[in-house]
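Let's take a walk through this model, one neighbourhood at a time. Keep the viewer open as you read.

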Amino acid sequence: MTKEIDYSVKNRKKSFIKLIKRPALPLAKKALMYVGAIFVALVVACLFIVFMGVNPFAYFGKVVANCFNNTINIRGLIRIISPLIITSLGVAIAFKMKFWNIGAEGQFIIGAICSATVGLACGNMPQFVTLLLMFLAGAIGAGIYALFTAVLKIKFGTNETLMTLMLNYIALYLLTYLDSNSYFRDPTSTRPSFAILPESAWLYNLKIGSSFSIDIAIVVAVIFVVIMFFYLKYSKQGYEISVVGDSLNTAKYAGMKTNRIILRTIFFSGAIIGVAGMLKVSGEGASHMLSTNITGGVGWTAIIVAWLSKLNPLGILMTSTLLGILQKGSSVAQSAFGISTAVSDIIQAIILFTVLMCDFFINYKIKFDIESKEEKTNRLQLEQVENAKENNLSTEKNAENVGELPLANSIENAGVKAKENIIVEENANAKENANAKENANAKENASGNSHGKNITKEAR
């Protein structure tokens, strides 16, 4: 039975603030609004730094300059950017399908654990074979770890946000437990410590000039950006991800196997993040070993990068670079100004908030609806008309109910009288039958007596 909705004027509440959907804005206007949002974020960040007693221009100048003033800082910046780019790509592919994968931290850890396990076991193999096996182990392990959430979502309708969030802590506690496991421990250390991977499990280094070298993690990250750009924009699978993200029912109506698409996409999402963990544990950034803080919060920062870049792989490359400069530069500026590195996290939050507000105003506009006297008069008149209609309807219903009662009584009385008439007729018929039988018997007796008398006379 469907629930009726009352659309009457009486039940409409007068709203002071209204949200109105905007028509699609031109691309140039959108870009201008985003630039304005970032400018507002920087102004707010400058005010925050001023309140801390530091010149904001000197602070930001130091942040940018210290990232590029020597090869050590450049190498450190690249080590921050590389895993952030790949992890953000993994988060973005899930977000594009409206699957809120908040478990990048846990999947990063699982990828690092699986690849380190293979690296320690294959220390005697050639470097290329060892790295390939570590790559596959990290991708498959993290992919399966993410796939577990997708299966629960499809079968039981669980909330993927909560599930992926809780799996982060399971992975973290597993890593903490492995710190004291004999397989992963350094046998030469007097206290629990992870063992360094064999040299065959180290990433290849790129040498630029005579004094600068960096591992190939940044090259892999750029390759992933290019692959993901074409995958999401030009492949059939990328189109299916977009359709499922826009409307699951539309995808089903179009004949798409939505469950298969969800499982495949979430496996890829976790696998990409697992590759980031593999590159981190086998690279110079983690000193070629596991550690309990191996992620460095990259899973949470990747969510910010994915949103700020609008899930675009090329945007992820640029946004990761900017946030990497902010993160690396703030750690260097800490010693110069005495400001905690947490300032970079605060600035990131300010930027994210302003960009989200910009998204809101791109799609909607706020209208303050102040009711004039004429509008108020019209509304009151409409309410009176509605009330009058309701009163008439209730009066008619009451009249119908009152008229139905005598009619029912008359029908019932007619039925009782009909039953009485039937009973009277049956009694009359019974009396007539009884009288007819008595008359017949009397006639028979009379004829018998007369016949007897005749016989007696003849005998005499």
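**A guided tour of the fold**

Start at Tyr 231, which is buried, with a relative accessible area of 18%. That puts Tyr 231 under the 20% cut-off for buried residues. Keep in mind that you're looking at a predicted model. The ring partner of Tyr 231 is Phe 268, and Phe 268 is partly exposed at 33% relative accessibility.

How are aromatic pairs put into words in the first place? A pair of aromatic rings is described by the distance of the centres and the angle of the planes. The structure holds 12 aromatic pairs. Take Tyr 183 and Phe 184: their ring centres are 5.1 Å apart and their planes make an angle of 80°, an edge-to-face arrangement. Tyr 183 is partly exposed, at 38% relative accessible area, while Phe 184 comes in at 8% and counts as buried. Now back to the pair we began with. The ring centres of Tyr 231 and Phe 268 are 6.4 Å apart with the planes at 75°, so that pair is edge-to-face too. Tyr 231 belongs to helix α7 (residues 217–234) and Phe 268 to helix α10 (residues 258–282), so this pair ties together parts that are 37 residues apart in sequence. Elsewhere, ring pairs join Phe 95, Trp 100 and Trp 307 into a cluster.

Rings also turn up under charges here. The charged end of Lys 21 sits over the ring of Tyr 364, 5.0 Å from the ring centre. Over at Tyr 234, the face of the ring has Lys 233 lying over it, at 6.0 Å from the centre.

Let's step back and look at the whole protein. DSSP-style bookkeeping gives 14 helices and four strands. Of the 460 residues, 37% count as buried. If you take the contacts between residues at least 6 apart in sequence, 75% of them join residues at least 24 apart. The accessible surface comes to about 27,700 Å², and 63% of that surface belongs to carbon and sulfur atoms.

One spot on that surface deserves a look. Met 125, Phe 128, Val 129, Leu 132, Leu 133, Leu 136, Ile 140, Ile 144 and Tyr 204 make up a nonpolar patch, with about 780 Å² of accessible area together. One of its members, Ile 144, is found in helix α5 (residues 127–156).

From the surface, head inside to Ser 115. This serine is part of helix α4 (residues 104–121), and its relative accessible area is 0%, so it counts as buried. What does Ser 115 touch, leaving aside residues up to four places away in sequence? The list is Met 134, Ala 137, Gly 138, Met 278 and Val 281.

Helix α4 shows up again around α11. Why is helix α11 (residues 298–308) described as largely enclosed by the rest of the structure? Because nine of its 11 residues are buried. Those buried residues are Val 298, Gly 299, Thr 301, Ala 302, Ile 303, Ile 304, Val 305, Ala 306 and Leu 308. The cover over them includes α3 (71–95), α4, α12 (313–337) and α13 (342–363).

Now follow the chain out of either end of α11. On the side leading in, Asn 293 lies in the loop between α10 and α11. Is Asn 293 buried or exposed? At 59% relative accessibility, Asn 293 counts as exposed. The C-alpha atoms of Asn 293 and Ile 109 are separated by 9.4 Å, although the two residues are 184 residues apart along the chain.

On the way out, the backbone does something worth checking if you care about torsions. Most residues other than glycine have a negative phi. Yet just after α11, Lys 310 takes a positive phi of about 60°, and Lys 310 is not a glycine. Leu 311, which isn't a glycine either, has a positive phi of about 65°. Lys 310 lies in the loop between α11 and α12, and Leu 311 is found in the loop between those helices as well. Their burial labels differ: Lys 310 is partly exposed, with a relative accessible area of 41%, whereas Leu 311 counts as buried at 15%.

Conventions: Residues numbered from 1 in each chain as written. Predicted model: local features only at pLDDT ≥ 70, side-chain atom pairs only at ≥ 80, totals over all residues. Heavy atoms only, no water. Phe/Tyr/Trp six-rings, centres within 6.5 Å; stacked < 30°, edge-to-face > 60°. Buried < 20%, exposed > 50% of the residue type's maximum accessible area, 1.4 Å probe, protein only. Helix = DSSP H or I, 4+ residues; strand = E, 2+ residues; numbered from the N terminus. Lys NZ or Arg CZ within 6 Å of the ring centre and 35° of its normal. Patch = residues over 30% accessible without salt bridge, like charges linked within 9 Å, V, L, I, M, F, W, Y side chains within 5 Å. Areas by Shrake-Rupley, 256 points an atom, 1.4 Å probe, with all protein chains shown as cover. Salt bridge = Lys/Arg side-chain N within 4 Å of Asp/Glu carboxyl O. Contact = heavy atoms within 4.5 Å.
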